[in-house]
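Dear colleague,

Please find below the structure I wished to pass on to you. My findings follow directly after it.

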Amino acid sequence: MAFSDELTPCGVMFDVFKRSCGIKHNELAEMVLSSRPLSDGRSPKSRTSDRSWVSRFIVHAPAGSLQDRYFADYGRAATRVMSRLRTRGSKVFDPQQILDVVCGDAGQAMDAALAACHQDAHLYRNMLDRINLSSGTTVGERAEAALVLFVAVGCSGNVGKAVAYTADYVRSMHVNLMSTPVMTEVAAPGLSPNEAWCPCLGLIRVRDGYVCGTPYWIEPTGEGVTLGALALGESDITDVDSDVSAEHARIWRSDCDGWLVKDLGSSNGTLVVDGADRAENKVQGDTAVSLHAGDELHLGASTVFAVVEGMPERWA
């Protein structure tokens, strides 16, 4: 069996507990591996003193090579880990600190490992967010459930199985951790409370009918941005074809009229295609045209942007 070049969900689980919590690999293996004998009469847990075996066949094993029979019940394993974190070692973790590890920056490595294994990382993160943001529960209950999910997905490498197991585990605790979190208004840094509800406008380049790359975000405050082949502003957009004018069009947000686009006297024209009915609205003269999520913005003959709304990562 070859070593995995990238961290798998199981590898991430071992790595996070080692780096963030001070639990060594063989110590964690004692907690999560099964004591049931395999075909050779030895159990996985009986091999934990063999660091080479733990590293080769568990921590760095290729994705998909681990079997359920290698691991103890996920809930029991998570309970052992929580007991270890809360009672022993150079640093004792309280429930909030456990949540911070699993749900915070360190735990985000699991999302990347799941995506690399073609698992639904969004499903995992959605479940974790519901646990972390649930109301009417104690931080200890949330920490336990989050740890169960983290261990279950690390041991199984299967998001669907881990989420289903955790849901059953939570129900057995008679704790309401599965409801949709209540929506709260979050203000982006630098915006006043009255502006907090307004998302940014995003333009995504479209080539041959396919969206390409990430959005160019336009903030709802300020003077907006210019689109053009030679636009020089810090936030201006120059990802255009050669038939687009130097300063072709301008987009900004009006408190009264929402997002607007205006042609700046371009040579080859500006067009907005309505996302709802595909109606074409030519932008010309001094008249500004409204832009909405779902519309398409055409500059010249071949430069097309899909219009979206959202929140840039720097504000998340």
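Please note that this is a predicted model. I begin with the sheet. Six strands make up an open sheet, ordered 2-1-10-9-6-7, with antiparallel pairing. Strand 2 (210–218) and strand 7 (280–283) are its edge strands, each pairing on one side only. On average, and with direction ignored, neighbouring strands of this sheet are turned by 25° against each other. Six bridges join strand 1 (residues 200–207) to strand 2 in the antiparallel sense; Leu201, for instance, has Ile218 of strand 2 as its bridge partner.

I turn next to helix 2 (residues 25–32), where Leu28, Ala29, Met31 and Val32 are buried. The buried residues of helix 2 line one face of the helix, because they fall within an arc of 160° when seen down its axis. Their cover includes helix 1 (9–21), helix 3 (51–59), helix 4 (74–87) and helix 8 (139–156).

Two of these buried residues, Leu28 and Val32, recur in the largest nonpolar core. That core has 57 residues, of which Met13, Phe14, Phe17, Leu28, Val32 and Tyr124 touch the most other members. Helix 8 is the largest contributor to this core, giving eleven residues. Apart from it lies another core of 20 residues, including Val225, Trp259, Val272 and Leu299.

Finally, which residues is Tyr124 in contact with, leaving aside its neighbours within four places in sequence? They are Val102, Met110, Asp111, Leu114, Leu149, Phe150, Val153 and Val159.

With kind regards

Note on methods
Residues numbered from 1 in each chain as written. Predicted model: local features only at pLDDT ≥ 70, side-chain atom pairs only at ≥ 80, totals over all residues. Heavy atoms only, no water. Buried < 20%, exposed > 50% of the residue type's maximum accessible area, 1.4 Å probe, protein only. Helix = DSSP H or I, 4+ residues; strand = E, 2+ residues; numbered from the N terminus. Arc of directions from axis to C-beta. Contact = heavy atoms within 4.5 Å. Core = buried A, V, L, I, M, F, W, Y, C linked by side-chain atoms within 4.5 Å. Pairing = 2+ DSSP bridges. Axes fitted to C-alpha atoms, helices over the stretch in contact; angles between N-to-C directions.
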